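Student: I would like a close look at a single part of this protein. Please take one buried spot and describe what lies around it.

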Amino acid sequence: MAQKQETDEKTQLGGDEGKYVLKTPKGTRDYSPKQMAIREKVFNTITNSFKRHAAETIDTPVFELKETLMGKYGEDSKLIYDLKDQGGELLSLRYDLTVPFARYLAMNKITNIKRYHIAKVYRRDNPAMTRGRYREFYQCDFDVAGQYDSMIPDAECLKIIYEILSELDLGNFQIKVNDRRILDGMFSVCGVPDDKFRTVCSSVDKLDKMPWAEVKDEIVKEKGLPESVADQIGEYVSKKGGLELAETLLKDPKLSKSEPACAGLSDIKLLFKFLQLFNITDKVVFDLSLARGLDYYTGAIFEAMLVGKEGSGGTEQDINVGSVAGGGRYDGLVGMFDPKGRNVPCVGFSIGIERIFSIVEQKTEASGKKVRTTETQVLVASAQKSLLEERLKLTAELWDKGIKAEVMYKENPKLLNQLQHCEETGIPLVAILGEQELKDGIVKLRDVASREEVEIKRANLVEEIRKRSPQ
């Protein structure tokens, strides 16, 4: 018990002078082998979906020139980590993977690519680690850059989000869609001055976390708009629907007078037609309250939310962690980096991997399922003493044939201990050597779960292991 308390407490080192506490920085965490095994499974699901949709991958530096990141994130720019100047360049840790991607396209004069990028990003946010919000975290991004016919890449992005969330089996989810042009048109016809569009947009963006009354209060008191304007905005942002809502709004007496709003609504109609072909309209809703605060969005925007609760009692609240993916169209971002201002139309999204990981981890714990942290197919064991060399020889043979094999680091381990190791770590097979087996050129292959043993010719061992423990 004393030992457990020691590891639970922050460890102090260095004697009385120069004491420091062993801990991870605020908003970060370590991952155990078990957590990494769960995380790897989630990554594989996401990566497989990206590859199924013909994406290629890139990587970019973890830090960028400060000027590259500045002015791209609206009010969230204050969350960027600046690095101390070490002589020469002012640098910042990347805040997301989208702005570095746009810089990469402009710098390399790339006009079309379908890419995914899985890497760490950094935000000086207030961490809520139980809800999967950190200061250092992974993002899994998918983006399509290039001049294509309207809404086809956008629809594919939503299809991929749908596939990933369905395959991960996180529970019920909903993908909200809107269009930045509809929001701008709505603000315009409601009487919001042009220079306040973005700041009002960031207030509306809080509607998934705050009730309308509080958001209205912020728009009136902090953003300085008349209450009548806020009330008009409130009427629109309460609307949700699908194709029919887009058709209704195109006939709206006020909104139909806005050219950008009409262009956005026509695209939403087209988007829903493609989503019907992809069979995913059951989870997609056109929601006028969706704003997404980032400055660089120019067209369609979308966000995937977990809805409802799973489990019972205390588990319910833990599972419900809100937004798990978001993105949209940003046709002007690459042009900000291009010396001649040439734009490359882009659309993409980011998966909130840390939140998803929190849910999968909780669900795994609740299920009581054992998580394997290795992929070992077979343990090479012996029932008698003085067979270390033979065990090592057979293990090397298996490694050379691509079999994931393990051998215990003891000269004369007891067979019971070797079998127990397999049960504890989930190794499915044991290849047992003995004096007689060596003379006869065979190996006893034992199934750990059923305890069934079969004698296999040594020459056929690799084939038999592959049959019984496919990877």
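Tutor: What follows is a walk around one acidic residue, D141, and the rings beside it. Keep in mind that the model is predicted.

Start with the whole chain. The protein chain has 18 helices and 18 strands, and 47% of its 471 residues are buried. Among contacts between residues at least 6 apart in sequence, 67% join residues at least 24 apart.

Now the residue itself. D141 lies in strand β7, which covers residues 136–145. D141 is buried yet has no salt bridge. The nearest side chain of opposite charge belongs to R115, at 4.3 Å. A salt bridge needs a side-chain nitrogen of Lys or Arg within 4 Å of a carboxyl oxygen, so a pair beyond that cut-off is not counted. What D141 does have is a polar contact of 2.7 Å between its side chain and that of S350.

The charged end of R115 has a ring beneath it: this end sits over the ring of F101, 4.0 Å from the ring centre.

Next, the neighbours. Leaving aside residues up to four places away in sequence, D141 touches F50, L97, T98, R115, Y116, H117, F349 and S350. Ring pairs link F50, Y116, F142 and F349 into a cluster.

The structure holds 10 aromatic pairs. One of them, between F50 and Y116, is tilted, with 5.5 Å from centre to centre and 40 degrees between the planes. F50 belongs to helix α2 (residues 33–52) and Y116 to strand β6 (residues 113–122), so this pair ties together parts that are 66 residues apart in sequence. Both F50 and Y116 are buried.

For contrast, consider an acidic residue that is buried and does have a salt bridge. In general, side chains of opposite charge can pair when their charged atoms come close. The structure holds 32 salt bridges, and one of them joins D287 to K176, at 3.6 Å from N to O. This pair links distant parts of the chain, with D287 in strand β10 (residues 284–287) and K176 in strand β8 (residues 173–179), 111 residues apart. D287 is buried, with a relative accessible area of 0%, and K176 is buried too, at 14%.

To sum up, D141 is buried without a salt bridge, its side chain meets that of S350 in a polar contact, and its contacts include F50, Y116 and F349, which are part of the ring cluster.

Technical notes: Residues are numbered from 1 along each chain as its sequence is written. This is a predicted model: local features need pLDDT of at least 70, side-chain atom pairs count only at pLDDT 80 or more; totals for chains, interfaces and linings use all residues. Side-chain values use heavy atoms; hydrogens and water are left out. Rings of Phe, Tyr and Trp (its six-membered ring) pair if their centres lie within 6.5 Å; planes under 30 degrees apart count as stacked, over 60 as edge-to-face and the rest as tilted. Helices (H or I, at least four residues) and strands (E, at least two) are DSSP runs, numbered from the N terminus. Buried means under 20% relative accessible area, exposed over 50%, partly exposed in between (1.4 Å probe, protein chains only). A charge sits over a ring if NZ of Lys or CZ of Arg is within 6 Å of the ring centre and within 35 degrees of the ring normal. Lys and Arg count as positive and Asp and Glu as negative; His and the chain ends are not counted. A polar contact is a pair of N or O atoms within 3.5 Å; within protein, one must be able to donate a hydrogen and the other to accept it, and residues adjacent in sequence count only if both atoms are side-chain atoms. Contact means heavy atoms within 4.5 Å.
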